[in-house]
Amino acid sequence: MSAATNAPTIIKRKKIIAGGGHHGGAWKVAYADFVTAMMAFFMLMWLLNATTEQQRKGIADYFSPTIPINRVSGGGSGAFGGDNIFTEETLAQSGTGISQPTIGMNPVMSEAEAEAASAEAAQVAALRDIEAVLIGQGGESMLSDQALRHIITRLTDEGLVIEIYDRPDVALFVADTALPNPVAAEIARIMARLFQSVSNPVAIEAHLRAETVLKVDNPVWEISSDRAMQMRLMLESSGLNPRRITRLTGAGDREPATRDATAPRNNRIEVILLRSDL
C-alpha cells in the first residue's frame, strides 16, 4: 500500500463573519443614538436651570395642547363617530360650532348683557396684557432675570394674582423683618409702572413659612402685616395711587403654598390686581 493512500483527509472550513467583522457599521448607528440621547439630556438640564417657573409651565403647555390641531377628525360610528370635532353631540361630527341653542339658554343676548360681556372680555384682555409684559411672554420682560425668578402669575376669578416668593438663595426681605432686599424693591417699582395703565383696585397679602420650633411668642402675624404694609409703601412711592389699594392682609403662616410649611417658598407676597366689578 502506498504512503499516499494512508495519508489522513484534511477538510478546511472557512469561517465567514457576517457584516465584515470590525468593518461593519452597526456600531456607528448605536453610537449616534447614544450621542443624540446625551445631547437631548444636557439640553433638558440646561432648560431647567435657565428658565423660570412660569416659562417652564409655558413650555409644558406647548407640548400638551388643549385645543384641537385639525378641524377634521376621523369618521366612523359610535362615541367618536363623525368627521368634525366642533359640535356638541359627539366628539367628532359635521358642523362648525353649536348647531342649535341649548334648551334653557336665551339665544338672543340683550344689549345690556352684550355690553357687560364686552366689558368683561376687555378687562380680562387688559389683565393678560399686564401679565405678558411683566413676565416677558413673547418678548423681553421689564424685570431683570434675577427678579423674574421670584415671580409666578395666575389669572383667577378675583383678578390677576402676582405671587412674589423667596428663593433658597435670595430672600425678598431681611430675615424676620420687613426690611426689603433690592429684588423686592425692583419688583415693586416695575409693578407700580405697569399698574398705571389700568384703573383696577389692588390688594396685598403677605405670607410666612412656619417655624420648625413652636414659640411661645410667635411674631409671624406682626411680620406678615409689616411686610404687606412695606409693599404698599413701595408701590405708592413708585407712583401707584394710594386710593387704589383696597386691602392689606397679614396671613402669618396659616396658608402655606407647599406641603412643607417650613419651606422658604412659603415666604411670599401676593399682589392682586382685582377685577373692577368686585
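**Close-up views of a predicted model**

The accessible surface of the protein comes to about 18500 Å², and carbon and sulfur atoms account for 59% of that area. The model is a predicted one.

**Figure 1. Overall makeup of the chain.** The protein contains seven helices and five strands. Along the sequence these elements come in the pattern α-α-α-α-α-β-β-α-β-α-β-β. Of the 278 residues, 30% count as buried. Taking the contacts between residues at least 6 apart in sequence, 63% join residues at least 24 apart.

**Figure 2. A nonpolar patch on the surface.** The patch is formed by W27, Y31, F34, V35, M38, F41, F42, L44, M45 and L48. Together these residues have about 1000 Å² of accessible area. One of them, V35, lies in helix α2, which spans residues 26-50. V35 counts as partly exposed because its relative accessibility is 38%, a value that falls between the limits of 20% for buried and 50% for exposed.

**Figure 3. The five-stranded sheet.** The sheet is open, and its strands are arranged in the order β1-β2-β5-β3-β4 with mixed pairing. Its edges are β1 (151-155) and β4 (245-250), each of which pairs on one side only. From one strand to the next, the twist averages 15°.

**Figure 4. Helices packed on the sheet.** Helix α6, residues 182-195, packs on the sheet and touches β1, β2 (159-165), β3 and β5. The direction of α6 makes about 165° with that of β2. Helix α7, residues 220-237, also packs on the sheet, where it touches β2, β3, β4 and β5. The direction of α7 makes about 150° with that of β4.

**Figure 5. Strand β5 and its two partners.** Strand β5 (residues 268-274) runs antiparallel to strand β3 (residues 202-207), and six bridges join the two. Within this pair, A206 stands opposite I269 of β5, and E205 stands opposite E270 of β5. The pairing of β2 with β5 is likewise antiparallel and extends over seven bridges. Here I162 is placed opposite V271 of β5.

**Figure 6. Cover on both faces of β5.** Strand β5 is mostly covered, with seven of its seven residues buried. On one side the buried residues are R268, E270, I272 and L274. On the other side they are I269, V271 and L273. The residues opposite A206 and E205, namely I269 and E270, thus appear on opposite faces of the strand.

**Figure 7. D176 in the loop between β2 and α6.** D176 is found in the loop that links β2 and α6. Its phi is positive, at about 60°, although D176 is not a glycine. D176 is exposed because its relative accessible area is 56%, and the exposed class begins over 50%.

**Figure 8. R128 and L160.** R128 is located in helix α4, which covers residues 111-135. Because its relative accessibility is 46%, R128 counts as partly exposed. R128 and L160 are 32 residues apart along the chain, and their C-alpha atoms are separated by 8.0 Å.

Definitions and conventions. Residues numbered from 1 in each chain as written. Predicted model: local features only at pLDDT ≥ 70, side-chain atom pairs only at ≥ 80, totals over all residues. Heavy atoms only, no water. Patch = residues over 30% accessible without salt bridge, like charges linked within 9 Å, V, L, I, M, F, W, Y side chains within 5 Å. Areas by Shrake-Rupley, 256 points an atom, 1.4 Å probe, with all protein chains shown as cover. Salt bridge = Lys/Arg side-chain N within 4 Å of Asp/Glu carboxyl O. Helix = DSSP H or I, 4+ residues; strand = E, 2+ residues; numbered from the N terminus. Buried < 20%, exposed > 50% of the residue type's maximum accessible area, 1.4 Å probe, protein only. Pairing = 2+ DSSP bridges. Axes fitted to C-alpha atoms, helices over the stretch in contact; angles between N-to-C directions. Contact = heavy atoms within 4.5 Å.
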